[in-house]
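This report goes through one protein model, from its overall dimensions to selected charged side chains.

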Amino acid sequence: MDPMVRIRGLHKRYGETEVLRGIDLDVPAGSVMCIIGPSGSGKSTLLSCINHLERIDGGRLWVGGDLVGYRERNGRLYELPERQVAGMRQKVGMVFQQFNLFQHMTALQNIIEAPVQVKRVRPAQARQRAMELLDRVGLAAKHAMFPAQLSGGEQQRVAIARALAMDPQLMLFDEPTSALDAELVGEVLAVMKDLARSGMTMMVVTHELAFAREVGDELIFMDAGLVIERGAPREVLGAPKERRTRDFLSRVL
């Protein structure tokens, strides 16, 4: 069975700075990969490349068996038109550090918007699905509230529900709790744990090492655009093999 995500020789540069320096990864369907590492190591850029929010400078990556963002002819890559890229992005839900909700829309309206406008789902059907998702993240009673009326944790849970409304095959989380007060982190992680138990394929950039240990199937440590170490979370966190991993964990554990 092909992995949900397959990455081979991925390179990304910003000017003279090479942010990703040849990444090779497989993420099996239904698994949770957690990604840790210092700031500037390329973690967020990796997720953005998977969703083709950033163009790659070398290598290939596939989601669900489809080459992301490009078609290949005679060994060369040609970028797809934005319309086709947008269609491919429907496979991938992404949750950012900031919630990025529409401030002039209620929680329910935020979730309905993309299915109705992008997938042409009937409004009544989209509303029913949105209410089911709000119930799943524990916010059905707050469906009529605007983002400014919700806590940071509640807004992030709405953002997760919004991503799920597009029925993605893969969920990407880019430090989803880093902007939250400490007491709100648990409610977002609880939703993510439930999502993992349901069999959703997830890639999670996180500083929450307890979450990685409990939920992750694989943990990778990145530094300077490279995967330095990878393995079962308990093994990497408990007995890292690489000195750079040990140095990093000694500062964060």
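The sections below cover the basis of the values, the overall fold, salt bridges, one helix and one buried acid.

## Basis

The model is predicted: local features need pLDDT of at least 70 and side-chain atom pairs count only at pLDDT 80 or more, while totals for chains, interfaces and linings use all residues. Residues are numbered from 1 along each chain as its sequence is written, and side-chain values use heavy atoms, with hydrogens and water left out.

## Overall fold

The protein chain contains nine helices and 12 strands; these are DSSP runs numbered from the N terminus, with helices (H or I) of at least four residues and strands (E) of at least two. Its C-alpha trace spans about 50 × 50 × 35 Å along the principal axes. The radius of gyration is 18 Å, which agrees with the value near 18 Å for a compact globule of 253 residues; the radius is taken over C-alpha atoms, and the globule rule is 2.2 Å times the number of residues to the power 0.38.

Half the picture is cover: 50% of the 253 residues count as buried. Buried means under 20% relative accessible area, exposed means over 50%, and partly exposed lies in between (1.4 Å probe, protein chains only). The accessible surface comes to about 12100 Å², with 47% of it belonging to carbon and sulfur atoms; the areas come from the Shrake-Rupley method with a 1.4 Å probe, and for residues only the protein chains shown count as cover. Among contacts (heavy atoms within 4.5 Å) with a separation of 6 or more, 63% are between residues 24 or more positions apart.

## Salt bridges

The whole structure holds 15 salt bridges, each defined as a side-chain nitrogen of Lys or Arg within 4 Å of a carboxyl oxygen of Asp or Glu. One of them pairs Arg8 with Asp26, with the closest N and O atoms 3.0 Å apart. Arg8 is in strand E1 (residues 5-14) and Asp26 in strand E2 (residues 17-27), so the bridge ties together parts 18 residues apart in sequence. Arg8 is partly exposed at 32% relative accessible area, and Asp26 is partly exposed at 29%.

Arg55 and Glu79 form another bridge, at 2.8 Å between the closest N and O atoms. Arg55 sits in the loop between helix H1 (43-50) and strand E4 (58-63), and Glu79 in strand E7 (residues 76-79), so this pair links parts 24 residues apart in sequence. Glu79 is partly exposed, at 36%. In the bridge between Asp247 and Arg243 the closest N and O atoms are 4.0 Å apart. These two residues are four residues apart in helix H9 (residues 243-252), about one helical turn. Asp247 is partly exposed at 33%, whereas Arg243 is exposed at 63%. Elsewhere, salt bridges with shared partners join Lys119, Arg129 and Asp167 into one network.

## Helix H1

Seven of the eight residues of H1 are buried, among them Leu46, Leu47 and Ile50. Lys43 is also on the buried list. His52, which follows H1, has a positive phi near 55°.

## Glu229

Which side chain of opposite charge is nearest to Glu229? Lys241 is, 5.0 Å away, and Glu229 is buried yet has no salt bridge. For charge, Lys and Arg count as positive and Asp and Glu as negative; His and the chain ends are not counted.

Glu229 lies in strand E12 (residues 226-231). A polar atom of its side chain is 2.7 Å from the backbone nitrogen of Lys241. The side chains of Glu229 and Thr245 share a polar contact of 2.8 Å. A polar contact is a pair of N or O atoms within 3.5 Å; within protein, one must be able to donate a hydrogen and the other to accept it, and residues adjacent in sequence count only if both atoms are side-chain atoms. Leaving aside neighbours within four places in sequence, the contacts of Glu229 include Leu219, Ile220, Phe221 and Pro240.
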